[in-house]
Amino acid sequence: MPKSLNLDKFLFGGDYSPEQWSPDVWDKDIELMQDLGVNAVTLNVHSWIFDEPSDGVFDFSWLDGIIAKLKKSGIGIIMATGTTAPPSWLYNKDNDILKTDIKGRKFKYGVRERFCPTSVTYIDAVKRLVSKLAEHYAGEKSILLWHLNNELSGFCYCEHCEKEFRKWLEAKYKNIDTLNRRWCTAMWGRCYTSFDDIVAPTELNELYVDVDGAGFDLDSLPTEAIEYARFMSDCCENLFAIESECIRRYIPDAICTNNYQFRDRFNYHTIARALDVISLDIYPNRNDPPYEACFNLDIARNFKEQDNPFIIMEMTPNHASWAPVCHTKRPGEVARIAINNIAHGANSALYFQIRRTPAGFEKFHGAMISHSGHLDTRIAKELQQLSSDLRKLPLDMQKYGLDARVAIIHDWDEKLGVEIPCSVQKNIDYTREVKHYYRYFNEKNINIDVISLDQDFSRYSVIIAPVVCMLKKEYAESFDSFVSNGGCLVLTYYSGYTDECDYMYLGGQPGPLRQIAGLWVEELDALSAKEKNTIRFTDGYVCESGWMCDVLRLESAKPLAYYGSDYYKDSPCLTENYYGKGKCIYIGTKPDDGGVDHILDMVVKEAELVPVMETPKSVSAVKRGPYLFLINFSEDETIVKLPNTMHDILENNDTCSVSLKANGYAILK
Ligand SMILES: [Zn+2]
């Protein structure tokens, strides 16, 4: 059973870096934190050098000092292990703790996160630091949870990782012939005679590397790159497990987390096995539609147990310093982001950071306390209002999820299978494909879970599974039972092509989903951004489509729409197939937003899924347990009529309508 974080409040506060300031500033800051309503502070994220100024010499006196002051003020601690930023003396001791990038270049000492995850020197030093920290704070009751390492970033391709990769492959495949067969290394004669032949897939031995350094776009042996990404995720899971074991040796009931940011091609779902609770950093872009941020929240709620509340570890109360253009948050925007997180299952509003850093990369990053050093600022006043609102929230809200009847699949391993191998569209972005269908539910105010392929399907009546290109047979069996037992499954183009080793299913796509879909795909056409086709529905509706176009051969499936042009004009592109007690809708080409709405309107109506509430377009309605959240994503004041008289929790009155100011919100029961 995963441990859960039982809180007696919604956490409000954020990262604090006292090491950047003299202790006399700490006292003033704590007064300001109290005025803001801060009840939780994250310490020690980048402080290894202060905890262990030289090899084996530990000094936690500075942490003792700030913890004592915070505790006296009733502020809880989120204790970071600090392992994201190894000190220079450790690099000097063993240069091999540095990462090697995908171009084969070894980094030099500098920015955080550049440690190699398999370095024995690094792991030994982590064990020693985290054990000392846990031993020192074993009796410290003000520590609410332990924040392992920090945001994951980038793979390492060093020689040591390469050796560990060979061992990892040998443990998985047992003998090299099996690997050769399953990877089809006979293509281009790249057969291995031993596991020792295998090299980490870098630009030095592969064709072309994508620009973010996270993987390949044109890899001659994509299975190897997919396996390397899996290996790297396992290395990170191992690191987190090591850190939590060191903590639990001294504090058996410690609760451990890591702040996810969904960068690179890590499998955040499997890494979550090493964590007790999920935390998320969330930095919505000002011009993004609301569903972009909600998507990540609906993922975070489903990482361990499905529909399980989580923690927001970081937001910015103003600028995000890395943005190309750093907008200030508009009036009300800071609180609206925080309340939207809580509506989707978060139990905190924590920020990076409390006091704005005086210099360096983040000196223009937003903070609760600005460089002015006081709270007479627009942002501070908005934060004070937010903390006051959080204190009004009923505590029982913390146990509720969203109880969705529909789920959409976004599987982190699938992301590798869709994006890494050479395909008919070279810049395919798996997450973007999934969001193309997720948007509908978010905009229609229908609560939805975002889940992985290995999770429980039986709790849903509808599952949307876009582009499940790489599909283990056991997941196809899960879909089979889901539909056989009465569920409605929505599949799309580019599904059921390969097994988990990127080896094509023979006998016609969508491979193991062919019977459920009641059809097979004879050809898969790809269109450029400028090229379009149309979808002509049997009910007369017409919309645009493009990107990928399946030429379908129907077996038991019945057509619901046809292509409007090209050599496959008048051939079916949307079908339904009754299978067992349920049915499968197959979307053979990518419809525009109107087309997605038209298809999913039919699905929702038939499954009798009902929106939380009908609202004006700019207002989102989310139901978390018995609590209704109405959130205004526009700058215009909007009045929303309620279906019946409800209790307004923040205003403490009964009402049958609410007036939402710009970026405003109401929470009702
Ligand atoms: Zn390495």
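Which residues of H17 are buried? In this predicted model, the buried residues of that helix are Gly595, His598, Ile599, Leu600, Val603 and Val604. Helix H17 covers residues 593-607. With 15 residues at 1.5 Å a residue, the helix should span 21 Å, and because its end C-alpha atoms are 21 Å apart, the expected and modelled lengths agree. Just after H17 comes Glu608, which takes a positive phi of about 55°.

The next topic is the division of the chain into domains. The domain assignment gives three of them: domain 1 (159-229), domain 2 (406-607) and domain 3 (619-668). Taken over C-alpha atoms, the centres of domain 1 and domain 2 are separated by 30 Å. The contact between these two takes 13 residues from domain 1 and 10 residues from domain 2. On the domain 1 side, at least two residues each are supplied by helix H7 (176-183), strand E6 (216-218) and helix H8 (222-250). H8 gives the largest share of that side, five residues. By type, the residues of the side of domain 1 that touches domain 2 divide into eight nonpolar, two polar and three charged.

The model also holds an open sheet of six strands, paired in parallel in the order E7-E4-E3-E2-E1-E11. Strand E7 (256-257) and strand E11 (348-351) are its edge strands, as each of them pairs on one side only.

Within this sheet, strand E2 can be followed from one neighbour to the other. Strand E1 (residues 11-15) runs parallel to strand E2 (residues 40-43), and three bridges join the two. Among the facing residues, Gly14 stands opposite Val41 in E2, and Asp15 has Thr42 of E2 as its bridge partner. To get from E1 to E2, the chain passes through helix H1 (residues 23-36), and this β-α-β crossover is right-handed.

The other neighbour is strand E3 (residues 76-80), which runs parallel to E2 and is joined to it by four bridges. Here Val41 appears again, with Ile77 in E3 as its bridge partner. Val41 of E2 thus stands opposite Gly14 and is also the bridge partner of Ile77.

Which way do the residues of E2 point? Ala40 and Thr42 point one way from the strand, while Val41 and Leu43 point the other way. These residues of E2 are all buried.

How values were computed: Residues are numbered from 1 along each chain as its sequence is written. This is a predicted model: local features need pLDDT of at least 70, side-chain atom pairs count only at pLDDT 80 or more; totals for chains, interfaces and linings use all residues. Domain bounds come from an automatic or database domain assignment. Two residues are in contact if their C-beta atoms, placed from the backbone, lie within 7 Å. Ala, Val, Leu, Ile, Met, Phe, Trp, Tyr, Cys and Pro count as nonpolar, Asp, Glu, Lys and Arg as charged, and the others, Gly among them, as polar. Two strands pair if DSSP finds at least two bridges between them. The expected span of a helix is 1.5 Å times one less than its number of residues. A residue is buried if 20 or more other C-beta atoms lie within 10 Å of its own, exposed if 12 or fewer, and partly exposed in between; C-beta atoms are placed from the backbone. A crossover is right-handed if, with the strands pointing away from the viewer, the path from the first strand over the helix to the second runs clockwise.
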